[in-house]
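Trainee: Could we look at this model together? I would like to learn how the words used for a structure follow from its values.

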Amino acid sequence: MALAELALGFEMADEDLRAISSEYEHKPPEAVLRWALAEFGPDVALATGFGAEGCVLIDMVAQLTNGARIFYLDTDLLFSETYALCSRLEARYGIRLERRSSRLSLDLQARQFGDRLWERQPDLCCRLRKVEPLQEVLIGLRAWITAIRRDQTAARAGAGTVERDPKFGLIKINPLATWSSAEVWDYIDTHDVPHNTLYRYGYTSIGCAPCTTPVQIGEDPREGRWRGSCKTECGLHR
Ligand code: SF4
């Protein structure tokens with residue numbers, strides 16, 4: 001049976017989803033989160049990649065409840081600064097961030113697919129280390145919360161505040177869909193939210209260490225991801 005058929009999120013009708021999304025389109029992200037946590041309870045989880053946006057959502061969720069499920073995908077290739085940020089967030093909010101990772105260790109991956117797969121087949125590497133672990137964590141959930149913003153990439157431009165996620169077969173909630181980068185950083189400054197120290201060194205979008213470089217002034221903020229290739233997404237979002 002396909003993952004989409006197994007999922008519980010399809011119980012919501014499309015017209016209901018559109019109505020909810022349009023109702024929350026102009027409401028603050030905290031209102032979207034409050035609705036999602038009340039509507040889905042233990043069947044919703046927040047996914048964070050430890051970007052500035054994800055840190056904002058962790059701060060907002062922590063103000064609403066200390067029982068929300070928050071997880072991250074550990075590819076085993078994150079920056080040491082990102083692992084340090086994970087510990088800082090846990091200490092600051094008194095929460096535990098759930099680590100999900102590939103069943104393949106990096107050694108096994110190298111033995112099966114060759115060394116430094118990310119340089120030769122980044123889509124396959126992302127599938128093994130990000131997409132498949134995400135599929136595993138989403139099974140049984142009715143909804144997931146992401147930190148994407150519409151203006152980050154062309155693929156994200158059409159993201160609804162609340163929408164169906166046909167790829168993974170559940171409801172996807174994007175509380176920051178309408179926010180700009182400036183709004184994210186205003187929130188971080190105002191609320192003193194822990195964030196990745198790499199932002200001080202020219203990194204504007206931070207993923208796995210082998211696939212992330214700083215950007216130059218004038219470059220697109222995501223130019224440092226998979227630099228030199230046409231890849232712009234890891235496959236978690238449409
Ligand atoms: S971002 Fe790079 S290292 Fe990380 S999973 Fe994708 S291809 Fe592999």
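Mentor: Happily! Keep in mind that this model is predicted. Let us begin with helix H4 (residues 52-64) and helix H9 (residues 181-191), whose axes come within 10 Å and cross at roughly 50°.

Trainee: Why is H4 called oblique to H9?

Mentor: Set the angle against the cut-offs. Angles under 35 degrees count as roughly parallel, and 65 to 115 as roughly perpendicular. The axes of H4 and H9 cross at roughly 50°, so H4 is oblique to H9. The crossing of H4 past H9 is left-handed.

Trainee: Which residues make the contact of H4 and H9?

Mentor: H4 brings Ala52, Glu53, Cys55, Val56 and Asp59, while H9 brings Val184, Trp185, Tyr187, Ile188 and His191. By class, the contact of H4 with H9 holds 7 nonpolar, 1 polar and 2 charged residues.

Trainee: What makes Glu53 and Asp59 charged, and His191 polar?

Mentor: Asp, Glu, Lys and Arg count as charged, so Glu and Asp belong there, whereas His is among the others, which count as polar.

Trainee: And what about helix H3 (residues 29-40) and H4: at what angle do their axes cross?

Mentor: The axes of H3 and H4 cross at roughly 60° and come within 10 Å. Perpendicular begins at 65 degrees and parallel lies under 35, so H3 is oblique to H4. H3 passes H4 in a right-handed crossing. On the H3 side, Pro29, Glu30, Leu33, Arg34 and Leu37 take part, and they meet Met60, Val61 and Leu64 in H4. That contact of H3 with H4 has 6 nonpolar residues, no polar ones and 2 charged ones.

Trainee: Now the whole chain: what is its secondary structure?

Mentor: The chain has 9 helices and 6 strands.

Trainee: How do you know that the chain is as compact as a globular protein of that length?

Mentor: Compare two values. The radius of gyration is 17 Å, and the globule rule gives 18 Å for 238 residues; the two are close, so the chain is as compact as a globular protein of that length. Along its principal axes, the C-alpha trace spans about 45 × 45 × 35 Å.

Trainee: Finally, which residues come nearest to the ligand?

Mentor: Trp118, Cys125, Cys126, Cys208 and Cys211 do, of the 13 residues around the ligand. Helix H8 (residues 122-138) gives the most to that shell, with 5 residues. The shell around the ligand divides into 9 nonpolar, 2 polar and 2 charged residues.

Notes: Residues are numbered from 1 along each chain as its sequence is written. This is a predicted model: local features need pLDDT of at least 70, side-chain atom pairs count only at pLDDT 80 or more; totals for chains, interfaces and linings use all residues. Axes are lines fitted to C-alpha atoms, for helices over the stretch in contact, and angles run from 0 to 180 degrees between N-to-C directions. Helices (H or I, at least four residues) and strands (E, at least two) are DSSP runs, numbered from the N terminus. Angles under 35 degrees count as roughly parallel, over 145 as roughly antiparallel, 65 to 115 as roughly perpendicular and the rest as oblique. A crossing is left-handed if the near helix is turned anticlockwise from the far one by less than a right angle, and right-handed if clockwise. Two residues are in contact if their C-beta atoms, placed from the backbone, lie within 7 Å. A residue is near a molecule or strand if its C-beta atom, placed from the backbone, lies within 6 Å of it. The radius of gyration is taken over C-alpha atoms; the globule rule is 2.2 Å times the number of residues to the power 0.38.
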